[in-house]
Amino acid sequence: MQALQALQIADTDAYIAGDSFTRKRKGTGLPNGILLGKTLKRGTNNTVHVLNTPAGQPSVVARFPRVNSDTRDEEHAQWEFRHAVLAARLGVGPALFDAWYTRNPNPRQRKGLHMILERCYEDWHSAIFDDPTGALRIADTIGNVVSRHFARMAGIGLFAYDLKASNIVLKPAGRIGMTWINLGASRPQDASCAEQQPSEWLKSNLDHRTVFSLEEANTHFPNPLKVTDYVVSSEGHYFTPTELAVDAKIIDFGCDFCEYRPFDRPPDRRQLPVLDAVHRMCSTQLEYTTVLRLTMLILLASNIANELETRKVHLKMSRADRNRINPFHNRMPHEKAACTPRTIGLVKKMLRLPDLKAHLTHYNGRRNNGVKRTFRLANFTFPATDEPSPAGHGY
Ligand SMILES: Nc1ncnc2c1ncn2[C@@H]1O[C@H](COP(=O)(O)OP(=O)(O)O)[C@@H](O)[C@H]1O
Ligand SMILES: [Mg+2]
C-alpha cells in the first residue's frame, strides 16, 4: 500500500470541486491495508476509531459521522473540512491524512464527512476527571500550548467557539522523562495510578536512564504512558513519568461553531453571523485579532470552570486545586490587566452576539450566560494587587 501522508492542500475549494472529496468509496472507504480498530470515543456527531496501520506508518484515527451527524448536509461537511484543513496547516488541529464526503451511504459508511486524523491520546476532559493528579501536573503546559494556538487562529481570522475540555486532545511531545521516586518496597497507594508491566527492554534501561525519546516510548512502553503511571525497574525502583512534554490540539471545527474571515478580506456571499459583526466593531487588524483571541480564551476558561464547579463532588478536589487544574484560571487576570478599556468593551459586545450567547446558555446555563458571570467564571478579573478597576469596565 501507499504510505500514509498528511494531506497538503493548497486550495481546499479545488480539492472539494475535484474527484477526491466525493468519489464513491467501497466498504469503510479506508485506503487499502488500513483496518478499522476499536472505538476510541463517541462525540455528539462523530465516532472516533483507532486505525490499525502497518508498521512504520503514522499513528492515526478515523473520525466517522454518527447517524445524525451535522455533516450529513454536504455544505456543512465542506465547511468543516475547510476549517479542519486550516487548523491542521496552522498546527493547532490534528494533521489530516485523508478526507471524503459520503453522499450515498452503505452498510459500512454513513452519510457525512469522513476524516483520517493524526492520533492523539486522551482529551483534556478525560484527563481532568480520570487522572486529576496527572492533569494537575500538566495543566500549565496545556494553558501555554492552547493560548499559543488561539493566538495563531486569531492571527489569520479563524474563530472556533465549541470550546470545551473534550475538544482539546493531548499527545506526548518529544520525550518522556522518568523520575525515580523513593517509595521503598511499598507499592504506590494512589488508587488512580495504573502500574504498567514494563518490558524487559524498559526494565534494564530504567536502571541507568531517565529520559526516553517518544519513539522509544512508543515501541517499548506497554501502553501510551499516562502521567500517573508508575513503572518498576528491574531493581524494584519505581519510576514515574514527571517530565512528560505534552502537546495539545484543538478539534471540532463544525459549521455551527466555526468561522473564518481574515481581517482584510471583504465580506463574500457566505454570511458569517459572528465574524461579520466583529469585523464591523473593530477598526484595526490588531483589535480584531485581540478580541478573537481573548474571546476564545474566555469561552474555554469559563466552560472548564463551569464543568469543574458542577462536577466538583465527583472530582473531590479543593477549590485551590480546581483553580490550578483549569489551565487558564491563573492567566486570565494578566490577560485582563493587559487590555485597554476599549478591548474589554469589544469582548463584552462579542459575548452578547446571539450565536455566542446561545452557546453560553447551552453549556453554562441561563443563570451564567451573561457577560458578568462569564467573566467571573473565566476569572477574567483584574489582578488582586492592582488598583480597584475604574468604573465602567471593571468587575
Ligand atoms: N485525533 C484524535 N485523536 C484521539 N482522540 C480523538 C481525536 N479526535 C477526537 N478524539 C476523541 O473523540 C471525541 C469526539 O471527537 P469530536 O471530533 O469532538 O466529535 P464530535 O464532533 O462528535 O464532538 C473527542 O472528545 C476526543 O476524545
Ligand atoms: Mg467534540
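**Helix faces, the ligand shell and backbone geometry**

On helix H13, the exposed residues Pro 354, Ala 358 and His 362 occupy the face that is turned away from the buried side of the helix. In this predicted model, the buried residues of H13, which spans residues 354-364, are Leu 356, His 359, Leu 360 and Asn 364. These residues lie on the same side of H13, because the arc that they cover around the axis is only 100°. In general, an α-helix has 3.6 residues a turn, so residues three or four places apart point the same way.

Helix H4, formed by residues 132-156, has 25 residues, which at 1.5 Å a residue should span 36 Å, and the distance of 34 Å between its end C-alpha atoms agrees with this expectation. H4 nevertheless contains a kink of about 50°, the centre of which is at Ile 138. Just after the helix, a positive phi of about 90° is found at Gly 157.

Ligand 1 is surrounded by 20 residues, of which Lys 41, Gly 43, Val 48, Cys 120 and Asp 123 are the closest. Two or more residues of this shell are contributed by each of strand E1 (35-42), strand E2 (46-52), strand E3 (60-65) and strand E5 (112-118). Sorted by class, the shell comprises 8 nonpolar, 6 polar and 6 charged residues. Because residues of the shell come from both domain 1 (12-118) and domain 2 (131-168 + 250-378), ligand 1 lies between the two domains.

Most residues other than glycine have a negative phi. Lys 316, which is not a glycine, has a positive phi of about 50°, and this residue is placed in the loop between helix H9 (312-315) and helix H10 (319-325). Lys 316 counts as exposed, because it has 8 C-beta neighbours inside 10 Å. Asn 379, likewise not a glycine, has a positive phi of about 60° and is located in the segment after H14. In contrast to the exposed Lys 316, Asn 379 is buried, since 20 other C-beta atoms lie within 10 Å.

The segment after helix H14 (371-378) also holds Phe 382, which is classed as partly exposed because it has 18 C-beta neighbours inside 10 Å. Although Phe 382 and His 334 are separated by 48 residues in sequence, their C-alpha atoms are 7.4 Å apart in space.

Terms used
Residues are numbered from 1 along each chain as its sequence is written. Chains are lettered from A and ligands numbered from 1 in the order in which they are written. This is a predicted model: local features need pLDDT of at least 70, side-chain atom pairs count only at pLDDT 80 or more; totals for chains, interfaces and linings use all residues. A residue is near a molecule or strand if its C-beta atom, placed from the backbone, lies within 6 Å of it. Helices (H or I, at least four residues) and strands (E, at least two) are DSSP runs, numbered from the N terminus. Ala, Val, Leu, Ile, Met, Phe, Trp, Tyr, Cys and Pro count as nonpolar, Asp, Glu, Lys and Arg as charged, and the others, Gly among them, as polar. Domain bounds come from an automatic or database domain assignment. The expected span of a helix is 1.5 Å times one less than its number of residues. The bend at a residue is the angle between axes fitted to the seven residues ending there and the seven starting there. A residue is buried if 20 or more other C-beta atoms lie within 10 Å of its own, exposed if 12 or fewer, and partly exposed in between; C-beta atoms are placed from the backbone. The arc is that of the directions from the helix axis to the C-beta atoms.
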